[in-house]
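Me: Could you walk me through this one? I'm new to it and would like to start with the pockets.

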Amino acid sequence: MDFSIKAFDAKNTIASAKTGCIAVAVFENKKLSQAAKALDSAGEITAALKSGDITGKPGTALLLRGLKGAAAERVLLIGLGADEAVGEKSFASGVQAAVKAFSSLGAADAIIALPLEEVKERDAAWAIRTVVQAGRESIYRTDSQKSKKDPAPAGVKKVALAVANTAANKLALAQAIAIANGMELTKDLGNLSANVCTPTYLANTAKKLAKDHGFDVEILDRKQLEALKMGSFLSVTNGSEQPPKFIVLKHKGGKAKDAPVVLVGKGITFDTGGISIKAGPGMDEMKYDMCGAASVLGTFRAIGEMGLKSNVVGIIAACENMPSGRATKPGDIVSSMNGLTIEILNTDAEGRLVLCDALTYAERFNPAAVIDIATLTGACIVALGHHNSGLFTRDDDAHNALAAELMAAGKASGDTAWRLPIGEQYNEQLKSNFADLANIGTPGGASCTAAAFLENFTRKYNWAHLDIAGTAWKSGGAKGATGRPVPLLANFLINRA
């Protein structure tokens, strides 16, 4: 679905717009939006509203054809709630209804003339992003590995947004499209089967992104990781035939002296649990255990397309977690890159083992901030469901400010996070009789102890951890990757730039 901006004025009126469909707003108080009034010269929209054919409740829709005085073939009435002061939830419901209706129309093009610049406590940029994301989600396909593709969707292919053609709105549209493209890459990688999306596949994807957008890229293999003494990361890959890949991407959009933001992604391309093997039902969804890595790659696609004027480093620790005669065993003790020894009590707590060495590696970039992204704990789903990603930072002024930035970026993008605690009390749960720390804690607070484990490797810089176990993919009939938290990360980086 292609998006553009189309401004209307006294000479170029919405009533004269020749298009397959125009979506306009109506309200529960029987009032019409300005665009709807402009198309209601014969009173047909007013009559439809008064008759009860459409109530104006958020998300309701009614398609009218051949309106007198309108050059458009169709006019789609969209309910946006009680009055003209539109709330963000009502607006989002209306947008969803519009793109759903577009998908079944015989028209190739359409105009969205909803009040994009009148949503309460939101700006036009937010509304533009909401429309683009909803439109792109409505046409996303998961049939890339089917021998016979699903029928191509009919409906609208080109959507114009009726807003002022300002530099700010054009920038907002370009950013929205870039973020949608980044989400699409993240979803594509997550949805691929694990026999295709291997650590090598992720490395090759990073190389292609580097070629397309001018990033620097470096791929470290086992011998280099051994030389770096990444014993914790390598302990996870011991049981697999797939070689590990440690991927480093660099976007140099800022000044050479500017400290970068570093994004660190967990890239477990399949997680059996290792020797602490998972139960069979639902194990197929462990192909999504690389969604942290996928979100880093998707964010890099977005910032590459935006030409973001800041420095960003992406680090991905990619491998499989498999059982075999070579696999790490419960009770084994390994040495991490920063010298701390770890007693592995459960080989299914492997994400933190790959991330801790990646977080140590991040020190060399003297970062302004480091954010790791990982499908780390099922306990985070218990705590937050599938609505919010878990956000963890240390509790001091610098980290409270970083958490506030991330929370604000999440709220602005609709890709929300919720802050959870870490602290010394959770480190107490990670004590081991035989090593510096254990890779799992005593019972209780499993998401917090996992974050506390990672915190031990981040004390030389500002750091935040995003646990996306509940937000990176959906199960059941809607099974598939969501593309989160690319919007949150992209907005965070845009705000910093």
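Reply: Sure, one term before we start: helices (H or I, at least four residues) and strands (E, at least two) are DSSP runs, numbered from the N terminus. This is a predicted model, where local features need pLDDT of at least 70 and side-chain atom pairs count only at pLDDT 80 or more, while totals for chains, interfaces and linings use all residues. Residues are numbered from 1 along each chain as its sequence is written, and side-chain values use heavy atoms, with hydrogens and water left out.

Me: What counts as a pocket or a cavity here?

Reply: On a 1 Å grid over the protein atoms alone, a cavity is a set of points where a 1.4 Å probe fits but cannot get out; a pocket is an open set with protein on both sides within 12 Å along at least five of seven lines, and lining residues have an atom within 4 Å of a point. Grid points are joined across faces, edges and corners, and a volume is the space filled by probe spheres set on the points.

Me: How much space lies in the largest pocket?

Reply: About 1100 Å³. Its lining has 38 residues, with Q96, Q133, E137, G414 and R484 nearest the centre.

Me: Which helix gives the most to that lining?

Reply: Helix 4, with eight residues. The elements that supply at least two residues each include helix 3 (88-102), helix 4 (124-139), helix 5 (167-191) and helix 12 (397-413). Strand 18 (473-474) and strand 19 (480-481) do so too.

Me: And what classes are the residues of that lining?

Reply: Eleven nonpolar, 14 polar and 13 charged. For the classes, Ala, Val, Leu, Ile, Met, Phe, Trp, Tyr, Cys and Pro count as nonpolar, Asp, Glu, Lys and Arg as charged, and the others, Gly among them, as polar.

Me: OK, cavities next. How many are there of 30 Å³ or more?

Reply: Two. The largest cavity has a volume of about 80 Å³. It is lined by 13 residues, and S235, V236, N321, T328 and T347 are the closest to its centre.

Me: What about the second largest cavity, what volume does it have?

Reply: About 60 Å³. Its lining is R129, Q133, A176, I179, A180, M183, S413, P487 and N491. Helix 4, helix 5 and helix 15 each give two or more of these residues, and the largest share, four residues, comes from helix 5.

Me: How do helix 5 and helix 15 cross?

Reply: Their axes come within 9 Å and cross at roughly 140°, with helix 15 covering residues 486-496. Axes are lines fitted to C-alpha atoms, for helices over the stretch in contact, and angles run from 0 to 180 degrees between N-to-C directions. The two helices are therefore oblique to each other: angles under 35 degrees count as roughly parallel, over 145 as roughly antiparallel, 65 to 115 as roughly perpendicular and the rest as oblique.

Me: Which residues meet there?

Reply: Q175, I179, G182, M183 and T186 in helix 5 meet V486, P487, A490, N491 and I494 in helix 15, where contact means heavy atoms within 4.5 Å. By class that makes six nonpolar, four polar and no charged residues.

Me: Different topic: where is P485?

Reply: P485 sits in the loop between strand 19 and helix 15. A cis peptide bond joins R484 to P485, with omega about 5°.

Me: And E121, what is its phi near?

Reply: Near 60°, a positive value in a residue other than glycine. E121 is in the loop between strand 5 (109-112) and helix 4.
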